[in-house]
Amino acid sequence: MQVIKTLAFAFGFIALLSVVIAADSLFSLSTDSDKHIAIEQLNDEVMEQSEIKPLVADSPLEQTMIDRALERHQQGFDLLQQSVFETATELQKQALVDALITQLMAQSSYQVVIKVLNQLTESQRLAWQQQFSYAISLARTKQQELAIEAYRTLLVHNDSHTAAAINLGLLLNKAKRYKEAQRTLKKAVAIAPSSKKAKALSALATSLQRQNKLEKAAKAFAHSLEYRPNHAATWLKLALVKVKLDRDYAMVSKTFERAIALKPGYVKALKHQAEYQLMKLNFNAAINYAKQALALASKDEDIHRILAWAYLEQADKSLASEQWKWLASQANSKNERLMAQHINAMLNQREVNFKAFKIQGDEAKYATALLAKEQAEQLKASQLFNQIKLSSDWFYRAQRQLLSLTKTAEQKSLLSQLATENVYQAESQLLKAQQFVQEQEFELAIGAINQAIQLDPGNSQFVLFKIDTLNTFEQHHAALAFISSLKNDMQSSPLIKRRIKQLQKIIDAS
Amino acid sequence: MWKQKFSWLFRFELLLVFTAIAIFSYFQQAREQSATLLKPVQSYQLALRMQFNSADKDVNISTFVPHSNERQQVLTDTSQSNYLAQSLFPSYNGLVSRWSGTAASDSIDYKAQIQTSGYQFSLSDSLEVTDIDQQKWQNYLQASEHIQVGHPEIAALWQQIQPDDNNNVVKVLEAIYQYTADIESIPFKGTTDALTALRLGAASCNGKSRLFVALARHNGIPARLVGGLVLNEGSKKTSHQWLEVNIENQWIPFDPTNHYFAQLPAHYLELYRGDKSLFTHTANIDFDYQFTINKNLISPALYQTSQVDDTRFDIARLLQELHLPAQTAAVFLVLPFCALLITVFRNLFGLKSFGIFMPMLVGSACAFVGLTVGLMGFVMIVVIAFIGQIALHGLNLLKIPRLAAIITLVNAATFSLLLLLDQFSTIEIGLLSLFPVIIITFIADKLYSLVEQRSWMELSQTMAGSAVSIILCYLCISSATLQGIFVLYPEAYLLVLAAQVYMGRWTGLRLTELVRFKQVLQNTTEQNDGAVVGINKRNRDFVASLNSREDLLTAADKLATKALLQKHNIPVPSTIAAFNNTNDLTELEQHLNTHREFVIKPNAGSQGKGILVIRDKSADGFVSANGKTVSKAEITKLIKDTIGGKYSQLEKSDTAYIEPLIHQHLSLNNIAPYGLCDIRVVVIKKQVVSAMLRIPTLGSSGKANLHQGALGAAINLKTGEIERCLCQGQVITHHPDSNAQVTGVVLPFWSKIVEMSQACSEALGLGYMGVDICLDEYLGPLVLELNGRPGLEIQNINKSGLMAQFQPSEPADTAFSTAQAKLA
């Protein structure tokens, strides 16, 4: 009985306690469902109520006093010498100086700002919060070292002054003192609010880039974009760093594209993208971007050069010739004009009766190698192309050229190597297809070119190659069928139309 | 007397219960809304911490703080800043809070308890895009810096994505939603305007929302941005942006980032409307902030006093009038229930804990800081106090000053820890550093004693019991259901009081005693049901009822007891000397010179503490019972400590006295020559009801203490024969060390022992007592001491309940034993 009573009480209490504790859990499981409201067409409009109350405004200082003092200053009476300044209270003096400096900064009268603020002591400038204007003015009047000192003084007084930290970092970057800049900008990034963080990060990235710390620079640029995603220039800088880091081709291309998308008409971005595509063997894209750039900057020599090379690599002789002709007359340096003349002559199969150009730099070497190849000086060409391969910017193009100069076995090895490289893979498929055509391997050639088309469906070069290949292997009907499967805009291109006519003739003849 | 007491209490309990029921019934009609208020609801605790570092200049920081509207309710909010003053004002975009002042650095803490609800809108398919009053809706149709409504690229995009029927509101919104939801989500931290989102084909929440708004406005549908927080538990620094579109004068929410179409879930908190920044502040102040969000269940009854009938007693309103925060009020309301909980744990379950009501205090603190943090804080403070005990133990300080010193140490250590936690984490244990620290310091004292005694089992049990109690108290204190019950039905306190009174007179066995006395209970028959006595019964029906306070004090005073017994011609060991204060120590030398063998004892000691047995003299001093050499200086120190109260169970100064060494009777010495055996006789109302012989072993260091490994031998009350012997719960027949047979031994002078025990009961007047008797070689049985609260382990030794042998000789006694049976 004793035992039963104790057990009964104990279990009863446990049950009660469990119910109490579980009640909350049970209630929390049955969460209130969302309120449902149906919206139907109303017959009458209801005025929306809104409360608008003004924010509390600061009370202004005596504006007339300030205006008069500034007027007199403009008339040649130095503000700090005026009696109104001398008799003013500390707060009023501060307000007067602030008003004057604000006016002068708006007018970009930096020398005058310096002159006025030099009349104050350093502690006055700091106390009256004019040290920043002082530092900016020094920087803008090219007094770099003094400006650096002024920023440093300000930061000692207030180590949370973001703008000062950023500006100091930028100045140090400019003065090529990258390590110091990096330290300063790191601090600036830590204290900067979101609105300024982007700039600080971008400046930090630049200092890292200049020290060849490319990975960190890339991270800093990317981080900067988190705060300022619409800054086309930063996207471009990031893309350029990624190029140096040999990041994934698709990713780098996308980064360039973002810079271009954000700022339509961004010639620099278009140019660099074109250059990158050329480097990575996407000649079609290089031409597209270069043409866009050229439309905006028709006299830009670099753009012409990119176009010239792209057309040449694509074996579009007439268009290439146009560009080389322009360069032959418009290039800045004499040697470059000479080189352009030689290449143009080669394209037009004319005899060269002007002097040779100096082989200075990779471009000249590449041109020489091409000329040698054209003149069947295969050994010389191979040697030069192999030399050029040492440069990362020309590696893949040189590799591509070497394909035609090497024996079959070596070609295969080069091709498979190219297939694993970080390049525009459609081009390597095209090269493979060309190789297979030479070896009379029809199926393999079609397979390769199909892959190229899959990677880049809008590339007319691949389309034409496939048509020609089908033609070469007398698959005329298949060629026609392929053409009819193309999009309308491609079907209506002149080159395709010509192919259609030719095929019709062949089919009719047979 | 018993009958009256019993029925009076029972009537009082019934009165409480009926009063509660009556109040409940009377007010039931007025409480139509109570049922809804009783159900706990989900709410969010939002904490915003802002910090800055400004080189001592004027600082202004503004932010939008949560405000109440049809979808969300701010139940409470507080703001704290050391140097900046706060001002609140409603603006067109939301409720702005601004803090201003001059300070080099500071942190601002804003906290709010918020309840939100989710909305889902069903848009009729027949809704059409109509011409609307351009002037009225101008703000929500025009272009802005970041929402480039008129831009050709926006128009071109719309051309691309517009549905076939671009007059149908739902189709238009679906097209816009589809496009903006599908563009890549990149968590840009800066501002992404609509055009950037379009050009990049990627955006964060603000870019997507702006693009959505631009496209909606392009179609003549008023749209606005909304900023706020997604209330996911944890810490975060990011806010969120979504938008609302006005259809038929109703603002409908959309969130293309998290894929909500015409819907806003309950865990979205609106802070502002419009294309605004959440924070604006003075430049160059290294501003930083963090949101911390916790989800919890609350009792709406604690917050919604306006819904309650004003004519009735409203505890929540009263507490709010006292400016008690809701969370504090919640703890306050449930504390009586927790006290009942502790009572039940102790008296029904037999759960041990450090401190009786300490778990309630720590549980309350845990309700503020969280269970894990609270338990960690509790363990940390116990550890610090324990280390303090160890550090100060060697200084031999008196108890109270030692505890005071430890409190100081614990306070300093806790303060340092608070500073550290404040610097490096968001954990707040500030509230834990209140009075529980003091209570916990006392607990550490008890903990230290247990460790000193190597009572590992008891230590583990007590620690486990403490942890369970704290957790259960925490669960009850944080139970929104319970809070609601006590707010809405304060008459429930009467029920709690009735339960407490009932527990106060409940003398049944504890759950742990069912295990402890399992063997004895198995022997129980219907006739002797109720014979087993548990602690509850012992304390209430025996000690409290049969022993007066004065008699208990006399029993605790050994010298006074001896004097009393001597007066009644009951043999006791003689007293050689007594030392009340240090002046008396001048005589010590003389006694030490005179006696070779003696025993020094504290007058108010217990459990053998402070007793020194000297067997012989040696060249260096004296030889103790365990063979160690003891110098005169050590003896002097022991006596001084005793006088100082070190061994006193009354925690005050005491008397040390010297007795002659007792030489044990041969019959017992043959069994156990390792120390003095003693016979414990339990007497109830002058009847001897139980007896046992406690036999020292080598393991018990010569002490006749069952907990320390002594044997317990059950004695037949009629014959004095040892019937059964236990060693650590195991039945044995022979002494484990001497191998002498124990069972079957008949104690000499048994009838005299029984008479002496009864005589002691007559002499002192204790109705329930334990008489400790030893057998001297020459003098025979001597009473060593009387115990006013004898333990109950004797029942296990005898395998029989205490009341089994009780023979009622008076009607009152019959009632007594019957009442015991009934109550049991």
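**Interface and cores of a two-chain predicted model**

S757(B) sits in helix α24 of chain B, which spans residues 750–764 (helices are DSSP runs of H or I with at least four residues, strands are runs of E with at least two, and both are numbered from the N terminus). The model is predicted, so to speak of local features pLDDT of at least 70 is needed, side-chain atom pairs count only at pLDDT 80 or more, and totals for chains, interfaces and linings use all residues. Side-chain values use heavy atoms, with hydrogens and water left out, residues are numbered from 1 along each chain as its sequence is written, and chains are lettered from A.

S757(B) has a relative accessible area of 0%, so it counts as buried (under 20% is buried, over 50% exposed and in between partly exposed, with a 1.4 Å probe and protein chains only). Leaving aside residues up to four places away in sequence, S757(B) touches V681(B), V683(B), V688(B), V771(B) and I773(B), where contact means heavy atoms within 4.5 Å.

E785(B), in strand β28 (residues 780–787) of chain B, is partly exposed, at 27% relative accessibility. With the same exclusion of residues up to four places away, the contacts of E785(B) are K558(B), G770(B), V771(B) and D772(B). The C-alpha atoms of E785(B) and P573(B) are 9.9 Å from each other, with the two residues 212 residues apart along the chain.

Now for the cores. The largest nonpolar core (buried Ala, Val, Leu, Ile, Met, Phe, Trp, Tyr and Cys residues joined through side-chain atoms within 4.5 Å) has 159 residues, and those touching the most other members are W309(A), L312(A), W324(A), I343(A), F385(A) and I449(A). Another core, of 64 residues, lies apart from it and includes V683(B) and F806(B).

As for the interface, chain A and chain B bury about 5,900 Å² between them, 58% of it from carbon and sulfur atoms (buried area is the accessible area, with a 1.4 Å probe, that two parts lose on being put together, summed over both). On the chain A side, Q2(A), F13(A) and I39(A) lose the most area to chain B, together 13% of what that side buries. The contact draws 60 residues from chain A and 84 residues from chain B.

Three salt bridges run between the chains (a side-chain nitrogen of Lys or Arg within 4 Å of a carboxyl oxygen of Asp or Glu). K254(A) and E184(B) pair up through their side chains in a salt bridge at 3.8 Å, N to O.
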